[in-house]
Structures are given as C-alpha cells and as structure tokens.
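Work through these exercises with the sequence and the model side by side. Try each task before you read its solution.

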Amino acid sequence: MKLVYTGKTKNVYALDNGNYLLKFKDDCTGKDGVFDPGMNEVGLTIEGVGDVNLRMSIYFFEKINAAGIRTHFVSANLADTTMEVLPAKVFGKGLEVICRHRAVGSFYRRYQEYCTEGQELPAYVETTFKNDALGDPLVTKDGLIVLGIMTAEQYDDIRDMTKKITQIVADDLKAKGLDLYDIKFEYGYDAEGKVMLIDEIASGNMRVYKNGEYIDPMTLSELFFAAK
C-alpha cells in the first residue's frame, strides 16, 4: 500500500488492484478538546470513534448498494478499521450536498424571514463548495454548470440519489425512534463520468433529534447501535 493522502479523520492508501483503502482514525474534529463535527481541525482523540464511524458507514453503504444506488464502497475490515473503495474524482475542489427535512442550522439562519425553526421541508437539496475561508458558499445548479464543475445530467443524478439515500437513512432512524433533520453527503465520479456516493455515512454528517431534542453525534452512534 502507498499512502496518498493524510486526512483529519482518515488516511487514504492506494492498492495494487487500482482501488483505495480508507483507514479510519480515532481523531475527531473539534476545538480545545471539545468534539464538534463542524470544525475543520482535529481537536481531540476518542477511542473507538473510528470503529463506530466505519460500522455505521458499512451498515448504510450496504443498504444503499442493495437499493441499486452507486457508491464507492467495496468491502471493509473491522479488525484494522479500513474500508476498500473504488477510485473516484471529486467535483471541483470538493463539494458537499445537503438534504434537509427540517429548517434548522444554516438554512434557518439564512431564511428565517420566510420559515419557522424546525419547519418541515420536502427533502430540500442544496450544494456548497468545501472552502473554509469563504464559509462553504452555496452554489446553484446553474453555477456548477457555468463553472465547469459538473454537467446538468450529473447534477440531476446527484439530486435524485441524495433524495433516495436520505430517505433510506431517515426510515432506518425512524424505526429506532430517531428523527433525521438533515444530512450531508459527498459525491465523486468514475472514469466514465458516472456519479457515485463517496466518503462516509456517519453520525457526524447528520443532524438527528429524539422527541424534539438534538442528539450529539457520539450519543447518536451509541443509540443507533444499541437499537439494532
């Protein structure tokens, strides 16, 4: 294996078969020793967090693949906390896709003149560039096309896939007594330009409530697996 990228919470290795290996770490984003999935720096280490993030990713990737939706997931090894994935190029310098079932977080801060906090949304999809310095700016479908980031067809595929994947996750959480308010995804594309879901599907990528109370990511992981 050859190390090709050292990330905050995962390292990426190139495999001889052309695929890549993601090594999940126990490092977490945060500040001053406090866990915060929204931060962009490693703030602490929590023993076992890499394992639980991998377990949740395996659980959902297998469900999504079974539903006929393309992902980069190939296999995983819990013994060494690794996941083998297909090669994929990211859109631009990194793009995040958010699906919202409720008006909370940045959506509510932007549009509070036109909605109430916690208001139900019809699986609203939005895209933002991954750029800390610019505050992860929103970008529209037309903007992505004009800037040469993706084609109209790729955008439509991402939007449709996002809605379907979000419903899979939401239905599973609902069965455990949990309500998904919003979730963040990343996508890439293969050599033929076909879109696939990449990265991970872990508690730090979603905002979940129980009986109207927000559940922090670490507690969510515990509840998720306890309810299985």
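**Exercise 1. Find which residues Lys-63 is in contact with, leaving aside its neighbours within four places in sequence.**

Solution.
- Step 1. Contact means heavy atoms within 4.5 Å.
- Step 2. With neighbours within four places set aside, Lys-63 is in contact with Ile-168 and Asp-172.
- Step 3. Place Lys-63: this residue is found in helix 1. Helices (H or I, at least four residues) and strands (E, at least two) are DSSP runs, numbered from the N terminus.
- Step 4. Place the partners: Ile-168 and Asp-172 are among the buried residues of helix 4. Buried means under 20% relative accessible area, exposed over 50%, and partly exposed in between (1.4 Å probe, protein chains only).
- Step 5. Lys-63 has a relative accessible area of 36%, so it is partly exposed.

A note on the model: it is predicted, so local features need pLDDT of at least 70 and side-chain atom pairs count only at pLDDT 80 or more, while totals for chains, interfaces and linings use all residues. Residues are numbered from 1 along each chain as its sequence is written, and side-chain values use heavy atoms, with hydrogens and water left out.

**Exercise 2. Check the span of helix 1 (residues 49-66) against 1.5 Å a residue.**

Solution.
- Step 1. The expected span of a helix is 1.5 Å times one less than its number of residues.
- Step 2. Helix 1 has 18 residues, so it should span 26 Å.
- Step 3. Its end C-alpha atoms are 26 Å apart, which agrees.
- Step 4. Look past the end: Gly-68 follows helix 1 and has a positive phi, near 85°.
- Step 5. Now try helix 4 (residues 152-175): its 24 residues reach 35 Å from first C-alpha to last, close to the 34 Å expected. Gly-177 follows helix 4, with a positive phi near 80°.

**Exercise 3. Which residues of helix 1 are buried?**

Solution.
- Step 1. Recall a rule: an α-helix has 3.6 residues a turn, so residues three or four places apart point the same way.
- Step 2. Read off the buried residues of helix 1, including Val-49, Val-52, Met-56, Phe-60 and Ile-64.
- Step 3. Find what helix 1 lies across: strand 3, strand 7 and strand 8 (82-85).
- Step 4. Helix 1 runs at about 145° to strand 7. Axes are lines fitted to C-alpha atoms, for helices over the stretch in contact, and angles run from 0 to 180 degrees between N-to-C directions.

**Exercise 4. What is the strand order of the open sheet of five strands?**

Solution.
- Step 1. Two strands pair if DSSP finds at least two bridges between them.
- Step 2. The order is 1-2-3-8-7, with antiparallel pairing.
- Step 3. Strand 1 (2-6) and strand 7 (73-77) each have a single partner strand, so one side of each is left without a neighbour in the sheet.
- Step 4. On average, neighbouring strands of this sheet are turned by 25° against each other, direction ignored.
- Step 5. Strand 2 (residues 10-14) and strand 3 (residues 20-24) are joined by five bridges. Five residues separate them in a hairpin, and Gly-18 in the turn has a positive phi of about 95°.
- Step 6. Follow one residue across: Leu-21 in strand 3 stands opposite Tyr-13. In strand 8, the bridge partner of Leu-21 is Glu-84.

**Exercise 5. Why is strand 11 (residues 120-129) described as largely enclosed?**

Solution.
- Step 1. Seven of its ten residues are buried, so the rest of the structure largely encloses strand 11.
- Step 2. Strand 10 (residues 95-102) pairs with strand 11 over seven antiparallel bridges.
- Step 3. Strand 12 (residues 138-139) joins strand 11 by two bridges, also antiparallel.
- Step 4. Thr-127 stands opposite Val-97, and its bridge partner in strand 12 is Val-139.

**Exercise 6. How many aromatic pairs does a search of the whole structure find?**

Solution.
- Step 1. Rings of Phe, Tyr and Trp (its six-membered ring) pair if their centres lie within 6.5 Å; planes under 30 degrees apart count as stacked, over 60 as edge-to-face and the rest as tilted.
- Step 2. The search finds eleven aromatic pairs.
- Step 3. Tyr-181 and Tyr-209 have ring centres 3.8 Å apart and planes at 15°, so this pair is stacked.
- Step 4. Tyr-181 is in strand 13 (residues 179-189) and Tyr-209 in strand 15 (residues 206-210), 28 residues apart. Both are buried.
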